[in-house]
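Here's a short tour of one protein chain. Have a look at the sequence and the 3D view, then read on.

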Amino acid sequence: MPSTAITAQGITIARFGTTTFETIPNVVSFQGPGGQASVIDVTNLASTSKEKRVGLRDEGQLSLSLHFNPDDTVHQGLRTDRANRARRQFKITFTDTAPVATWTFYGYVTQFSVQGGVDAVVEASVTIEIDGDITEA
């Protein structure tokens, strides 16, 4: 069977600005969303083995690595979102599919860490804590 793998090249991750989604520039890699659900133990004295139920979904986090530019307004916006604890809408667009697939969700920027070194570009690590459901379209 031939592979149905898609390439990451061309994927965009965007933050909703004032009136529209704005692509977060210079993203090098991402990880997530990756969620899980808690396991609830419902075992009682009449049980013959452990009994469980699954709790609410937690969609987890989206982590980004990017080449940081302090003059970029979208990068500034991410830092401001973290500082102001602002709930913001985000969108991941998978461009190597037909039709194009999108995941849209709300989240909070909980981390924005900048790093650099000799013979390197300035990079940033960004963590977005997802709040609620992810809408797939």
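## What counts as a strand

A strand here is a DSSP run of E with at least two residues, while a helix is a run of H or I with at least four, and both are numbered from the N terminus. By that rule, Gly-35 sits in strand β3, which covers residues 27–41. One thing to keep in mind: this is a predicted model.

## The overall layout

Now for the whole chain. You'll find seven strands and one helix in the protein chain. Walking along the sequence, the order reads β-β-β-β-α-β-β-β.

How big is the radius of gyration of the protein chain? The answer is 19 Å, whereas a compact globule of 137 residues would come in near 14 Å. Along its principal axes, the C-alpha trace spans about 65 × 45 × 35 Å.

## Surface and charges

Of the chain's 137 residues, 28% count as buried. The accessible surface adds up to about 9000 Å², and carbon and sulfur atoms account for 50% of that.

As for charge, there are 15 negative and 11 positive side chains. The centres of these two sets lie 7 Å apart.

## Inside the core

The largest nonpolar core has 20 residues, and those touching the most other members are Ile-24, Leu-62, Leu-64, Ile-92, Phe-105, Val-126 and Ile-128. At least two core residues come from each of β4 (52–67), α1 (73–84), β5 (87–94), β6 (101–115) and β7 (123–136). Which element gives the most? That's β7, with five residues.

Let's zoom in on Leu-64. Leaving aside residues up to four places away in sequence, Leu-64 touches Ile-13, Ile-24, Ser-29, Phe-30, Ala-124, Ser-125, Val-126 and Ile-128. Contacts across long stretches of sequence show up in the chain as a whole, too: among contacts between residues at least 6 apart, 56% join residues at least 24 apart.

## Back to Gly-35

Why does Gly-35 count as partly exposed? Its relative accessibility is 49%, and partly exposed means between the 20% limit for buried and the 50% limit for exposed, so Gly-35 falls in the middle class.

Who are its contacts? Not counting residues up to four places away in sequence, Gly-35 touches Asp-58, Glu-59 and Gly-60. You can also compare its place with a core residue: Gly-35 and Ile-128 are 93 residues apart along the chain, and their C-alpha atoms are separated by 13 Å.

Technical notes: Residues are numbered from 1 along each chain as its sequence is written. This is a predicted model: local features need pLDDT of at least 70, side-chain atom pairs count only at pLDDT 80 or more; totals for chains, interfaces and linings use all residues. Side-chain values use heavy atoms; hydrogens and water are left out. The radius of gyration is taken over C-alpha atoms; the globule rule is 2.2 Å times the number of residues to the power 0.38. Buried means under 20% relative accessible area, exposed over 50%, partly exposed in between (1.4 Å probe, protein chains only). Contact means heavy atoms within 4.5 Å. Accessible areas come from the Shrake-Rupley method with a 1.4 Å probe; for residues, only the protein chains shown count as cover. Lys and Arg count as positive and Asp and Glu as negative; His and the chain ends are not counted. The place of a charge is taken as NZ of Lys, CZ of Arg, CG of Asp or CD of Glu. A nonpolar core is a set of buried Ala, Val, Leu, Ile, Met, Phe, Trp, Tyr and Cys residues joined through side-chain atoms within 4.5 Å.
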